[in-house]
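Open the structure in your viewer and keep the sequence panel beside it. The stops below go from the sheet to two of the helices.

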Amino acid sequence: LRQVADAAHTSGLNIALELYEGTLLDSGQSALRLLDAIGRENVGINFDLGNLVRVPGPMPETWHETLSMCASRVNYVHAKNYFRLEHPATSTIITTPAPLGDGEIDWREVIRTLVSAGYAGPICIEHYGGDPFWAMHVGRRYLKHVLATLAV
């Protein structure tokens, strides 16, 4: 990864490593450990909280904790959301895609925190389930509203 990062740097490119369940980036802590081991300024985190919220098991940390520890190292964002239902007595966890403004993740808080940490990059809206074009349209409208209210 250092060699890839160095080659990318030579071309003026950044690398974003995506938070993703079951990988070396399955929590904020593990993502930061990997970034520190790589040790290159042009390598950051593709902040995809949805990938961590959708796991059908216990989360290693809350999305709030992930946001807090990673905000300053984010260089790309995938925005999607999930409803997450947990039944403590049976340890059953069910997740399903949700509109960006309605699920487990408070994207207003995420964007406010990222902007405060200096993030000014792109936000890619993702959605799994239903009509993806409608979900992205509604998500874009929601994000535009959030960004406009943060600018006030």
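**Starting at a strand pair**

Select Leu17 in β1 and Ile45 in β2: the two are bridge partners. The model on screen is a predicted one. Leu17 belongs to the covered face of β1 together with Ile15, while Ala16 and Glu18 make up the uncovered face. Between β1 and β2 there are 4 bridges, and the two strands run parallel.

**Across the sheet**

Keep Ile45 selected and add Val74, which stands opposite it in β3. Here β2 (residues 43-47) and β3 (residues 74-79) are joined by 3 bridges and again run parallel.

Now show all the strands of this sheet. In what order do the 4 strands lie? The order is β1-β2-β3-β6, with parallel pairing in an open sheet. Because β1 (15-18) and β6 (123-125) are the edge strands and have a single partner each, one side of each lacks a neighbour in the sheet. Turn the view to look across the strands: on average, neighbours are turned by 25° against each other, direction ignored. In general, strands of a sheet pair through backbone hydrogen bonds.

**Helix α4**

Select residues 63-70, which form helix α4. Which of its residues are buried? They are Trp63, Thr66, Leu67 and Cys70. Look down the axis of α4: these buried residues fall within an arc of 100°, so they line one face of the helix. An α-helix has 3.6 residues a turn, so residues three or four places apart point the same way. To see what lies over the buried residues of α4, show α2 (28-38), β2, α3 (49-53), β3 and α5, which are included in their cover.

**Helix α6**

Move on to α6 (residues 132-150), a helix of 19 residues. From its first C-alpha to its last it reaches 26 Å, close to the 27 Å expected at 1.5 Å a residue. Zoom in on the N-terminal end of α6, where Asp131 acts as the cap. A side-chain oxygen of Asp131 lies 3.0 Å from the backbone nitrogen of Phe133.

Next, colour Ala135, Gly139, Tyr142, Leu143 and Val146, the buried residues of α6. Viewed down the axis of α6, they fall within an arc of 100°, so they line one face. Their cover includes α5 (107-116) and the edge strand β6. Finally, rotate to the face of α6 turned away from the buried side, which carries the exposed residues Phe133, Trp134 and Arg140.

Note on methods
Residues numbered from 1 in each chain as written. Predicted model: local features only at pLDDT ≥ 70, side-chain atom pairs only at ≥ 80, totals over all residues. Heavy atoms only, no water. Pairing = 2+ DSSP bridges. Axes fitted to C-alpha atoms, helices over the stretch in contact; angles between N-to-C directions. Expected span 1.5 Å × (residues − 1). Buried < 20%, exposed > 50% of the residue type's maximum accessible area, 1.4 Å probe, protein only. Arc of directions from axis to C-beta. Contact = heavy atoms within 4.5 Å. Polar contact = N/O pair within 3.5 Å; in protein donor to acceptor, adjacent residues only side chain to side chain.
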